[in-house]
Amino acid sequence: MAILEILKFPDPRLRHKAKPVESVTPQLQQLADNMLETMYESKGIGLAAIQVNEPVRLLVIDTRPINKEGARYEPQQMTEREQKVDLPLVVFNPVIVKKEGKTTYDEGCLSVPGYYETVQRFDYVKVEYLNREGEKSLIELDGLLSICIQHEMDHLDGKLFIDRLSPIKSNRIKSRIKKHGYPEADEDDESTTKKGEEVAL
Ligand code: QAP
Ligand code: CO
């Protein structure tokens with residue numbers, strides 16, 4: 001297992017369209033495992049392979065609540081459908097085959113650290129994919145799981161959540177990051193940077 005480097009906006013490699021996998025090889029399973037380790041280490045709930053510079057149609061998700069300070073999602077907030085899903089999800093070549101309703105959520109992204117904005121997504125999606133064993137699978141998602149898979153599937157087409165904001169908001173955030181970059185330290189330097197600190201725009 002290994003921790004991988006996560007590309008950050010405006011890295012042009014995040015804009016590439018990821019290629020479907022032909023079959024799930026041991027190498028791709030290894031990549032999925034390393035992505036999970038990287039995601040857990042960064043306290044993320046979803047990660048696409050393109051974010052670790054592997055332009056293949058693969059994403060991993062684990063929205064399970066974490067305890068301690070990071071309780072972002074209480075078990076009782078999970079829908080009944082979500083509670084039945086076996087996590088983590090390792091998803092190759094996902095395709096949305098059914099979608100219903102609309103919902104919004106204050107989204108963030110490991111490739112745009114420190115920024116959170118409200119994004120509209122489908123409330124429910126049915127997704128066809130290959131699982132970690134390469135078996136054709138079909139899953140129905142709602143709640144945070146549905147939002148998360150739609151966010152991660154955007155990455156596979158080179159799209160980021162900040163592209164889905166109003167043009168004014170989107171351009172303001174992009175210009176700010178290009179000009180000032182990201183707040184420097186995180187886990188190594190809690191004294192100077194408050195985690196999740198709001199950045200004035
Ligand atoms: C995508 O995002 C997502 O800014 C996954 O400082 C987000 O895991 C889907 C993270 C929200 C649905 C709803 C972001 C960690 C993690 C940060 C993430 C940060 C540390 C983002
Ligand atoms: Co993201």
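The legends below describe several close-up views of a predicted model of one protein chain with its ligands.

**View 1. The chain as a whole, with its helices and strands.**
The chain holds four helices and five strands, and from the N terminus on these elements follow one another in the order α-β-β-α-β-β-β-α-α. Of its 201 residues, 45% count as buried, while the chain as a whole exposes about 11,300 Å², of which carbon and sulfur atoms supply 48%. When contacts between residues at least 6 apart in sequence are considered, 68% of them join residues at least 24 apart.

**View 2. The cobalt ion (ligand 2) and its donor residues.**
Three residues coordinate the cobalt ion, namely C109 through its SG atom and H151 and H155 through their NE2 atoms, at 2.1 to 2.2 Å. Along the sequence these donors follow the spacing C-x41-H-x3-H. Because C109 sits in the loop between β3 (89-107) and β4 (117-130) whereas H155 belongs to helix α3 (residues 143-156), the pair ties together parts that are 46 residues apart in sequence. Both C109 and H155 are buried.

**View 3. The surroundings of ligand 1.**
Ligand 1 is surrounded by 17 residues, and the closest of these are G44, I45, P113, G114 and Y116. Two of the polar approaches involve the backbone: an N or O atom of the I45 backbone lies 2.8 Å from an oxygen atom of the ligand, and a backbone N or O atom of G114 lies 2.7 Å from an oxygen atom of ligand 1. In the case of Y116 it is the side chain that takes part, with one of its N or O atoms 2.9 Å from an oxygen atom of ligand 1. On its own, ligand 1 has 500 Å² of accessible area, and the protein covers 88% of this. The elements that contribute two or more residues to the shell around ligand 1 are β3 and α3, and α3 gives the most, with five residues.

**View 4. The largest nonpolar core, and a second one apart from it.**
The largest nonpolar core is made up of 21 residues, within which L89 and I149 have the most contacts. Two or more residues of this core come from each of β2 (58-61), β3, β4, β5 (136-141) and α3, and α3 gives the most, with six residues. Leaving out residues up to four places away in sequence, L89 touches L59, V60, I61, Y129, I139 and L145. A second, separate core has 18 residues, among them I6, A32, L58 and F92.

**View 5. D154 in helix α3.**
D154 lies in helix α3, the helix that also holds the cobalt donor H155. Its relative accessible area is 10%, and since buried means under 20%, D154 counts as buried. Apart from neighbours within four places in sequence, the residues in contact with D154 are R121, K159 and R164.

**View 6. V56 in the loop between β1 (46-48) and β2.**
V56 is placed in the loop that joins β1 to β2, and with 18% relative accessibility V56 is counted as buried. Although V56 and P20 are 36 residues apart along the chain, their C-alpha atoms are separated by 5.8 Å. If neighbours within four places in sequence are set aside, V56 is in contact with A18, K19, V21, L28, L31, A49 and L156.

**View 7. Two cis peptide bonds, each leading into a proline.**
The peptide bond from F9 to P10 is cis, with omega near 10°, and P10 is found in the segment that comes before α1 (26-41). The peptide bond from L87 to P88 is likewise cis, with omega near 0°, and P88 belongs to the loop between α2 (80-83) and β3.

**View 8. Positive phi values at K43 and N93.**
K43, although not a glycine, has a positive phi of about 60°. K43 lies in the loop between α1 and β1, and at 60% relative accessibility K43 counts as exposed. N93 is another residue other than glycine with a positive phi, in this case near 50°, and the place of N93 is in strand β3.

Conventions: Residues are numbered from 1 along each chain as its sequence is written. Chains are lettered from A and ligands numbered from 1 in the order in which they are written. This is a predicted model: local features need pLDDT of at least 70, side-chain atom pairs count only at pLDDT 80 or more; totals for chains, interfaces and linings use all residues. Side-chain values use heavy atoms; hydrogens and water are left out. Donors are N, O and S atoms within 2.8 Å of the metal (3.2 Å for Na, K and Ca); water is not among the atoms, so sites may look incomplete. Buried means under 20% relative accessible area, exposed over 50%, partly exposed in between (1.4 Å probe, protein chains only). A nonpolar core is a set of buried Ala, Val, Leu, Ile, Met, Phe, Trp, Tyr and Cys residues joined through side-chain atoms within 4.5 Å. Contact means heavy atoms within 4.5 Å. A residue is near a molecule or strand if one of its heavy atoms lies within 4 Å of it. A polar contact is a pair of N or O atoms within 3.5 Å; within protein, one must be able to donate a hydrogen and the other to accept it, and residues adjacent in sequence count only if both atoms are side-chain atoms. Accessible areas come from the Shrake-Rupley method with a 1.4 Å probe; for residues, only the protein chains shown count as cover.
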